[in-house]
Amino acid sequence: MKTFITFILAVSIQLTVFAGDFSKVGTTAAQFLKIGVGARAMALGGSFTAVANDVSALYWNPAGITNLSGFSFAVTHTEWFAEISHDFAGAVYSINESDVIALSVVGLNTGEQEVTTVTQPDGTGIYYDVSDLAIGLSYARALTDRFSVGLTAKYIQQNLYNESANTFALDLGTFLRTGFHDLIIAMSISNFGGSMQLEGRDLITVTDINNNISSNYSTDARLKTEAWALPLIFRVGVSMNIVGGNDPFLSSDQNRFTIAVDGVHPNDNTEKINIGGEYAWNEMVFARAGYRMNYDLEKWTFGLGLLMNVGSQKVGFDYALIDFNDLGKVSQFSVELRF
């Protein structure tokens, strides 16, 4: 446990030292990894690192899956801009009271687009698509009744027409219950790993290796693309039950109000702060809102949720509305089953 905490602190210090005073937008690949999943988490403005008690914790903080027992499964669908779809699916299984394993898949797809050229601006009759994929295998362990750690190893792939790039990365997380009025402190690092470099048949060209010799044979050559780093994200979050819960400031049997705050440090942009609040009635009906600070467009988020008992299982439905100001609004839907 000491080694793991030391590693987390060392990486966070390095991120702070090399961050600089400027934004490095456009310097990382696989930007789809920065799109949040889980309608509940997104309705809270992305302030979920220290909440992390449903399947979407696999994205925000893998240590949070120790809050789940039995078997849980969830899917999330987002209709992004320009008819781009973004989807998440995750399954979590608790082996025993301490150990939990999980599998997750995140995908983004643009749908088919027609190829156009300078000579054929109306289309060539050939279609292409752009797709991204991340598959993760997670393991988390509750080291004590208050402290948990989690790790996700994931394979990342991007496809653009006839070109593709792939690499591997790790997500690390910690989850600490302080014992003071349901206060939780958590940290996570996402996308710690290799770089992405496009390769494919469209990079093969014909070239003359010596222009000084006439009528010589032109040979095949492969164009070399640059390697780009992944969007490394460091998060620190706190959450607390103000009303209701196990040890709140104000006791209530039917009502709960939780507030959460996340500090986000990406390696390709400036630092950001996410703030969210969740009201629950009988842990059945939920209303949520969030605010995102230091974002170019994203500001307010809102959401509703419903959790029902169906036999011995629980079924949850969540909806989030994310306001992107001039670009419009994006809706996200999630369904979760707990066995």
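How many bridges join strand 20 to strand 21 (residues 329–338)? In this predicted model, the count is 10, and the two strands run antiparallel. If you would like to place the pairing on the structure, start at Val315, whose bridge partner in strand 21 is Leu337. The hairpin that these two strands form has five residues between the strands, and Asn325 takes a positive phi there, near 55°.

Now step back along the chain to the neighbouring hairpin. Strand 19 (residues 300–310) and strand 20 (residues 313–323) also run antiparallel, again with 10 bridges joining them. Here Gly303 is a good landmark, as Ala320 of strand 20 stands opposite this glycine. The hairpin of strand 19 and strand 20 has two residues between the strands, and in this hairpin Gly311 has a positive phi near 70°. Strand 20 is thus paired with strand 19 and with strand 21.

Let us turn next to a loop. Asn267 sits between strand 16 (255–266) and strand 17 (272–281). What lies 3.2 Å from a polar atom of the side chain of Asn267? The backbone oxygen of Leu230 does. In sequence Asn267 and Leu230 are 37 residues apart, while their C-alpha atoms are 8.8 Å apart in space.

From here we can look at the empty space inside the model. Rolling a probe the size of a water molecule over the atoms shows where such space is left. The structure has two cavities of 30 Å³ or more. The largest cavity holds about 160 Å³ of space and has 16 lining residues, with Leu58, Tyr59, Val106, Lys154 and Asp171 nearest its centre. Several elements give two or more residues to this lining, among them helix 3 (57–60), strand 6 (130–142), strand 7 (147–160) and strand 15 (233–243). The largest share, three residues, belongs to strand 3. By class, the lining of the largest cavity has eight nonpolar, five polar and three charged residues.

The second largest cavity brings us back to strand 21. Its volume is about 90 Å³, and 15 residues line this cavity. Nearest its centre are Gly38, Asp54, Ser56, Ser334 and Glu336. Strand 21 supplies at least two residues of the lining, as do helix 2 (39–43) and strand 1 (71–79). Seven nonpolar, four polar and four charged residues make up the lining of the second largest cavity. So the strand we met at the start, joined to strand 20 by 10 bridges, also contributes to the lining of a cavity.

Definitions and conventions: Residues numbered from 1 in each chain as written. Predicted model: local features only at pLDDT ≥ 70, side-chain atom pairs only at ≥ 80, totals over all residues. Heavy atoms only, no water. Helix = DSSP H or I, 4+ residues; strand = E, 2+ residues; numbered from the N terminus. Polar contact = N/O pair within 3.5 Å; in protein donor to acceptor, adjacent residues only side chain to side chain. Pairing = 2+ DSSP bridges. 1 Å grid on protein atoms, 1.4 Å probe; cavity = no way out; pocket = protein on both sides within 12 Å on 5 of 7 lines; lining within 4 Å. Points joined across faces, edges and corners; volume = space filled by probe spheres on them. Nonpolar A, V, L, I, M, F, W, Y, C, P; charged D, E, K, R; others polar.
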